[in-house]
Amino acid sequence: MTDNLNPQPRSYHMTPDEFRKYGRAVVDWIADYYERVESLPVLSRVHPGEIRAKLPAEPPQQGEPFEQMLADVDRLIMPGITHWQSPNFFAFFPSNSSGPAVLGELLSAGLGVQGMLWATSPACTELETHVMDWLVDMLGLPEKFKSTSAGGGVIQDTASNSALTAVLAARERATGWAGNERGLDGRLVAYASTQAHSSIEKAVKIAGLGRANLRLIDVDETFAMRPDLLARQIAADRQAGLVPCFVSATIGTTSSNAMDPIRRIGEICRAENLWFHVDAAMSGTAALCPEFRYTHDGLELADSYCFNPHKWMFTNFDCDCFFVADRAALIRTFSIMPEYLRNKATESGAVIDYRDWHVQLGRRFRALKLWFVIRHYGVEGLRHHVRQHVELAQRFATWVREDERFELAAPAPLNLVCFRHQAGDEFNRKLLEALNNSGRLYLTHTTLGGRYTLRMVVGSTYTEARHVEAAWAQIQATASQLA
Ligand code: PLP
């Protein structure tokens, strides 16, 4: 009841009609952005502090019109954006997005679901389980990673968190599930190659094993882990009274896309009863295509595996797919049941509660965007684009080989080409700087064998042959100017 003395309380919320209007404007804005992103300088050119200096010192006391906010995105934010969705983005590893992914993300935000328990939104859990089982088939992964076996998949935010999850489960298994209860005695040891991603080191540190108990195993001439050295180090550690517990191998290292020999490492882990984690953050996507599945040979020996659709499968950040062979080991590591989370479905044992599969409690409805991507492209569509990226990178590698001023710095099995000019580190450093300053493309570097190396990754959603051709022409021309 309202009368003149008690007027309707004021609401500051955006009405559904306003949301409809501004939502359309935002979708139009994104569509326009995708149309023009190619023409923007790829790497943001602002100086440190420049964006902040233009923002008001105080938050607004009164709400502002939405039109103003969207205009300020163009005016204040866009100058500070590095365009990861540009077809001329060849840096790091891609973080590609697509229309269906963005729309799935929008729906997920609209529903605002919190999927910590099956009971808090059954569709959030069941769609995730289903899509993760689909991916096992789509990538030709071992059946043991399916929810219909003893394992299963869960969507995490990042490969870093998957690595942490794997190390924690390995730690618990190796201590007879006592680490969580009594803490550690400093004897657990973990292994990865010198080329493993830094997230493995972080995971080992956070899990309490201690950085000093991470052994970085040397690599061969292709930058892949040497299993003979791994076996030798494990034996030496056992000899010293330590307890080896975890090995991480990489399918597609960050620096050079090196492929660790999964089967041989897995056999060692089996013989030594070590948790074997396989990090395929970017290159896992290649397994969509049967001809690239050789990179995953031996994966049936792994305890856990992850890859990032948010890198190379057209699914916007964040979306990492983590699979385990033995979900009971995960649940035993992470499960904890406060009274306020008790519910009938959980107690029936008939449902999955994904909160027990990782560190955090709350979780977003990420499966929706992945489901949209898979349904929009279909397996054939995804394969088509992955093959196209690999084909373009291989063409680029051929051009490098054919230009006597340049050399390949590592094998290029998929969509990453590591190369350098013959004129030495300083020249390559200047070359990279000049290329990135041009605004026409964005490349990053690494060191391989102690030498400065340029990396060219083909994986952005809208990259076509003409972009890779233009990039190579720009690299050649800039090298000529600097010589
Ligand atoms: N593993 C590898 C091989 C990577 O290349 C990367 C990132 O580039 C990561 C892990 C970390 O990925 P995320 O950002 O998902 O933690």
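Tutor: A polar contact is a pair of N or O atoms within 3.5 Å. Keep that cut-off in mind as we look at this predicted model.

Student: What makes A159 a polar contact of the ligand?

Tutor: A polar backbone atom of A159 is 2.8 Å from an oxygen atom of the ligand. The cut-off is 3.5 Å, so this pair counts as a polar contact.

Student: Why is the pair between T254 and the ligand called a polar contact?

Tutor: Here a polar side-chain atom of T254 lies 2.7 Å from a ligand oxygen. That is within 3.5 Å, so the name fits.

Student: And what makes D279 a polar contact of the ligand?

Tutor: For D279, a polar side-chain atom lies 2.6 Å from a nitrogen atom of the ligand. This distance is also within 3.5 Å, so the pair qualifies.

Student: How much of the ligand does the protein cover?

Tutor: On its own the ligand has 400 Å² of accessible area, and the protein covers 87% of that.

Student: Which pocket does the ligand take up?

Tutor: The ligand takes the space of the largest pocket.

Student: Which elements give two or more residues to the shell around the ligand?

Tutor: They are α6 (159-174) and α11 (309-312). The shell has 14 residues, and A159, S160, T254, D279 and N308 come nearest. By class, there are 3 nonpolar, 9 polar and 2 charged residues.

Student: How do you know that the peptide bond between F317 and D318 is cis?

Tutor: Its omega is about 5°, and the bond is listed as cis. D318 itself sits in the loop between α11 and β7 (320-324).

Student: What is notable about the phi of F223?

Tutor: F223 has a positive phi of about 70°, although it is not a glycine. You will find F223 in the loop between β3 (214-217) and α9 (227-239).

Student: How is the chain divided?

Tutor: Into domain 1 (2-39 + 44-81), domain 2 (113-364) and domain 3 (373-482). Between domain 1 and domain 3, the C-alpha centres lie 36 Å apart.

Conventions: Residues numbered from 1 in each chain as written. Predicted model: local features only at pLDDT ≥ 70, side-chain atom pairs only at ≥ 80, totals over all residues. Heavy atoms only, no water. Near = heavy atom within 4 Å. Polar contact = N/O pair within 3.5 Å; in protein donor to acceptor, adjacent residues only side chain to side chain. Areas by Shrake-Rupley, 256 points an atom, 1.4 Å probe, with all protein chains shown as cover. 1 Å grid on protein atoms, 1.4 Å probe; cavity = no way out; pocket = protein on both sides within 12 Å on 5 of 7 lines; lining within 4 Å. Sits in = over half its atoms within 2 Å of the grid points. Helix = DSSP H or I, 4+ residues; strand = E, 2+ residues; numbered from the N terminus. Nonpolar A, V, L, I, M, F, W, Y, C, P; charged D, E, K, R; others polar. Domains from an automatic or database assignment.
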